[in-house]
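User: I would like to learn how to read the secondary structure of a model, one feature at a time. Could you take me through it, giving the general idea before the case at hand?

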Amino acid sequence: MIRIAKTENGLVQGLPAADPRITTFKGIPFAAPPVGKNRWRSPQPAQNWEGVRKAYEFAPISMQSTPGLGTDIYCREWHVDPEIPMDEDCLYLNIWTGAKSAEERQPVLVWYFGGGLQWGYPPEMEFDGERIARRGVIVVSVNYRLNCFGFLAHPEITAEAPDAPANFGNLDQKAGLEWVIRNIEAFGGDPNNITIAGQSAGGGSVLSQMTCPDNFGKFQKAIVMSAMIRSPYGERGIGEPLPMEAAEKKGQEFFEFLGVKTLEEARALDARYIRDKYDQYMWKNGMMMTVLDNQFCVGDPMKLYAQGRHAHVPVMSGNTADEFLNFITAENEEELAAKAKELFGDRADTFLGYPEAHVKYQNGFAPVSGIRCSVKSEFIMNNESDNPQNSYYYCFTPDIPGWDNPGTFHSVDLWFFFETLAKCWRPFVGRHYDLARQMCNYWTNFMKTGDPNGPDADGTMMPVWEPYNAKTRAQMFFTAEGAKPVYDEESAFEKFLIESATDRLRS
């Protein structure tokens, strides 16, 4: 087993995981602490150390609202520890490896957590990489700066560093990936077989990394979970970057809210004071997220992907059945018709001709999974591009037990993909564990080869998962009875909305 590894900055020592065939290395610095003059600055090189660094514990999480204080579903699910260490000094990563020597060159997963770019952290218990590592894939989870610490823009920062004026959280993710390329061989990994993956804002981060031109060639596969979030009804999409000028103006307003006039004064403030003031500011003025700086972010990642301006690698993407449903808010059929005309123009009559368009949902009409339509439209455009790559679509739709009857809520599939159900409080039973085993198998197969197919634990072949395209419409549904391939089951209404999403993304 690899218990001690040599990184570019020094030796690190890990510990046996629950399975002693796996070694965990926690809290390895991949950049200098982003404090003092490094606050609101691109990640700087980590310092060397003498001797052997004990990589036994997770490093502090990024500055954010204290987790575990609420009663919402995520505080019940995994944000359970209000005492978890938190610090502005947070640029560390964690590794799970089952390699016995540096010569094994196992495939590598680089994982970016979700949380709206405001919250979240690698130590969340669903992200335990041991089960994936047991399948011969090295897992690396990368921490990054969040909220105003990671995504503030300001004219003074732009003037100081025009080549890296914003998106520091995304640059942290990028620096983590580049550290892996330079160092992962020491842990038995293959720097030429890397999958970047994430869920929610982590999946959006994967899209951002995929469409950053400087990243082309740095990874070989990508997994975008619950993150291609756009409504087919034309609403502004989650994850659409804010123009730099508007972001800088917001940064100036935030400095005023902090009570400072200059970048130097803001860098001198206590991190917890900034965090608490941002919590107040955010709910009235909106979150700070990825901005269009024309350096790291050169456009809307969804549209860049649709236009073929991205790293051309195999992609797996999908959604849970109950997340991000979209509908047209309308009081009556006349208002629905007027909004359809506004949204679809000459195709409004076609839209109104589908019975599904008139189904009431809450106070609206025409419920649809916008994320499902968006993923499929992106995949169709990829298939029509000059350099098409296999794209695999999934829908997660099993029963989820618990007194709260949660349905397939946003993020619940993480327990399954990481095969960490045993850590959850929910009364999962055998069929859930069988499904999680299958899902983790598909996931790791894809990380190894770009193809999710292969045998289950007993040696029998799992149901075949084919790439999605306009001809086959091949999809994998993860159900209470296990993985089920589905072909061309889309209604004419859904195909219409997929085409409409495609038109908007192409524009």
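Analyst: Let us begin with a single pair of residues, bearing in mind that this is a predicted model. Tyr361 stands opposite Gly364 in S16, and in the same way Lys360 has Phe365 of S16 as its bridge partner.

User: How should I read such pairs, and in which sense do S15 and S16 pair?

Analyst: In general, the strands of a sheet pair through backbone hydrogen bonds, and the pairing is either parallel or antiparallel. Here S15 and S16, the latter covering residues 364-369, pair in the antiparallel sense over two bridges. The two strands form a hairpin with two residues between them, where Gln362 takes a positive phi near 55°.

User: How many bridges join S14 to S16, and what is the strand order of the sheet?

Analyst: S14 and S16 run antiparallel and are joined by four bridges; on this side of S16, Asn326 stands opposite Val368. The outcome is an open sheet of three strands in the order S14-S16-S15, with antiparallel pairing. Its edge strands are S14 (325-329) and S15 (360-361), each of which pairs on one side only. Helix H11, residues 333-344, packs on this sheet and touches S14 and S16, its direction making about 110° with that of S14.

User: Is S16 mostly covered or mostly exposed?

Analyst: S16 is mostly covered, with five of its six residues buried. Helix H13 (residues 370-383) is mostly covered as well, since 13 of its 14 residues are buried, where buried stands for under 20% relative accessible area.

User: What span should H13 have, judged by its residues?

Analyst: The general idea for an α-helix is that it has 3.6 residues a turn, so residues three or four places apart point the same way. For the span one takes 1.5 Å a residue, so the 14 residues of H13 should span 20 Å, and the end C-alpha atoms of H13 are indeed 20 Å apart, which agrees.

User: At what angle do H5 and H6 pack, and which residues make the contact?

Analyst: Helix H5 (residues 168-183) and helix H6 (residues 201-210) pack at about 75°, with their axes 11 Å apart. Because angles of 65 to 115 degrees count as roughly perpendicular, H5 is described as roughly perpendicular to H6. On the H5 side the contact is made by Asn170, Gln173 and Lys174, and on the H6 side by Ser205, Ser208 and Gln209. Sorted by character, the residues of this contact between H5 and H6 comprise five polar and one charged, with no nonpolar residue.

Definitions and conventions:
Residues numbered from 1 in each chain as written. Predicted model: local features only at pLDDT ≥ 70, side-chain atom pairs only at ≥ 80, totals over all residues. Heavy atoms only, no water. Pairing = 2+ DSSP bridges. Contact = heavy atoms within 4.5 Å. Axes fitted to C-alpha atoms, helices over the stretch in contact; angles between N-to-C directions. Parallel < 35°, antiparallel > 145°, perpendicular 65-115°, else oblique. Nonpolar A, V, L, I, M, F, W, Y, C, P; charged D, E, K, R; others polar. Expected span 1.5 Å × (residues − 1). Buried < 20%, exposed > 50% of the residue type's maximum accessible area, 1.4 Å probe, protein only.
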